[in-house]
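Grab a pencil and have the viewer open. Below are a few short exercises, each followed by a worked solution.

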Amino acid sequence: MAAEDSPWVKFSQSEDLTVRLRNILHDYAFGPGVFRELLQNADDAGARRFAIFADGSSYSAHSGLIDERLGAWQGPAVCAFNDAPFSDVDFEGICRVGAS
């Protein structure tokens with residue numbers, strides 16, 4: 001029997017990436033575990049350098065943003081860096097975030 005003659009309907013669950021990320025951030029307990037997770041990710045990727053720094057800068061909420069709602073994100077931030085190369089496999093993993 002050809003696939004187009006099958007009585008079965010192809011079905012799978014899906015969730016938009018942005019919705020999945022929002023839900024992960026909502027459910028993630030902020031604390032020292034976040035930094036350990038970032039360090040573990042860098043180690044898993046084979047990074048030789050890893051850094052975390054706090055950026056206390058604040059910017060005007062009306063500094064040419066494409067959407068005024070982005071103004072809420074113009075304050076201090078914590079940034080993380082590692083020197084491991086970012087591969088196509090890494091990108092595919094991000095697209096499947098939450099699947100592992």
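Before starting, one definition: helices are DSSP runs of H or I with at least four residues, numbered from the N terminus. Keep in mind, too, that this is a predicted model.

**Exercise 1. Overall layout**

Work out in which order the elements of the chain run, and decide whether the chain is spread out or compact by the globule rule.

Solution.
- Step 1: Count the elements. The chain has three helices and two strands.
- Step 2: Put them in order. Starting at the N terminus, they read α-α-β-β-α.
- Step 3: Check the radius of gyration. The chain comes out at 20 Å, well over the 13 Å that the globule rule gives for 100 residues, so the chain is more spread out than a compact globule.
- Step 4: Look at the extents. The C-alpha trace spans about 65 × 40 × 25 Å along its principal axes.
- Step 5: Add burial. Of the 100 residues, 7% count as buried.

**Exercise 2. The largest pocket**

Find out which helix gives the most to the lining of the largest pocket, and sort that lining by class.

Solution.
- Step 1: Start with the volume, which is about 1,400 Å³ for the largest pocket.
- Step 2: Go to the centre. The lining has 33 residues, and E37, L38, N41, I94 and V97 are the closest to the centre of the pocket.
- Step 3: List the elements that supply at least two lining residues each: helix 1 (17–27), helix 2 (32–44), strand 2 (77–82) and helix 3 (88–95).
- Step 4: Pick the top contributor. Helix 2 gives the most, with six residues.
- Step 5: Sort by class. The lining holds 24 nonpolar, five polar and four charged residues.

**Exercise 3. A closer look at helix 2**

Test whether the span of helix 2 agrees with 1.5 Å a residue, then see what follows the helix.

Solution.
- Step 1: Compute the expected span. With 13 residues at 1.5 Å a residue, helix 2 should span 18 Å.
- Step 2: Compare. The end C-alpha atoms of helix 2 are 18 Å apart, which agrees.
- Step 3: Move past the end. Helix 2 is followed by G46, which has a positive phi, near 85°.
- Step 4: Pick a residue inside. L39 sits in helix 2, and at a relative accessible area of 45% L39 is partly exposed.
- Step 5: Take one distance. L39 and F50 are eleven residues apart in sequence, with their C-alpha atoms 7.1 Å apart in space.

**Exercise 4. Two loop residues**

Say of F30 whether it is buried or exposed, and do likewise for G31.

Solution.
- Step 1: Place them. F30 lies in the loop between helix 1 and helix 2, and the place of G31 is in the loop between helix 1 and helix 2 as well.
- Step 2: Apply the cut-offs, where buried means under 20% relative accessible area and exposed over 50%.
- Step 3: F30 has 68%, so F30 is exposed.
- Step 4: G31 has 17%, so G31 is buried.
- Step 5: Check separations. F30 and S14 are 16 residues apart along the chain, and their C-alpha atoms are separated by 27 Å. For G31 and R48, 17 residues apart, the C-alpha separation is 24 Å.

**Exercise 5. Salt bridges**

Find how many salt bridges a search of the whole structure gives, and which side chains meet.

Solution.
- Step 1: Search everything. One salt bridge turns up.
- Step 2: Name the partners. The side chains of D67 and R69 meet, at 2.8 Å from N to O.
- Step 3: Check exposure. D67 is partly exposed at 25% relative accessibility, whereas R69 is exposed, with a relative accessible area of 65%.

Conventions: Residues are numbered from 1 along each chain as its sequence is written. This is a predicted model: local features need pLDDT of at least 70, side-chain atom pairs count only at pLDDT 80 or more; totals for chains, interfaces and linings use all residues. Side-chain values use heavy atoms; hydrogens and water are left out. On a 1 Å grid over the protein atoms alone, a cavity is a set of points where a 1.4 Å probe fits but cannot get out, and a pocket is an open set with protein on both sides within 12 Å along at least five of seven lines; lining residues have an atom within 4 Å of a point. Grid points are joined across faces, edges and corners, and a volume is the space filled by probe spheres set on the points. Ala, Val, Leu, Ile, Met, Phe, Trp, Tyr, Cys and Pro count as nonpolar, Asp, Glu, Lys and Arg as charged, and the others, Gly among them, as polar. The expected span of a helix is 1.5 Å times one less than its number of residues. A salt bridge is a side-chain nitrogen of Lys or Arg within 4 Å of a carboxyl oxygen of Asp or Glu. Buried means under 20% relative accessible area, exposed over 50%, partly exposed in between (1.4 Å probe, protein chains only). The radius of gyration is taken over C-alpha atoms; the globule rule is 2.2 Å times the number of residues to the power 0.38.
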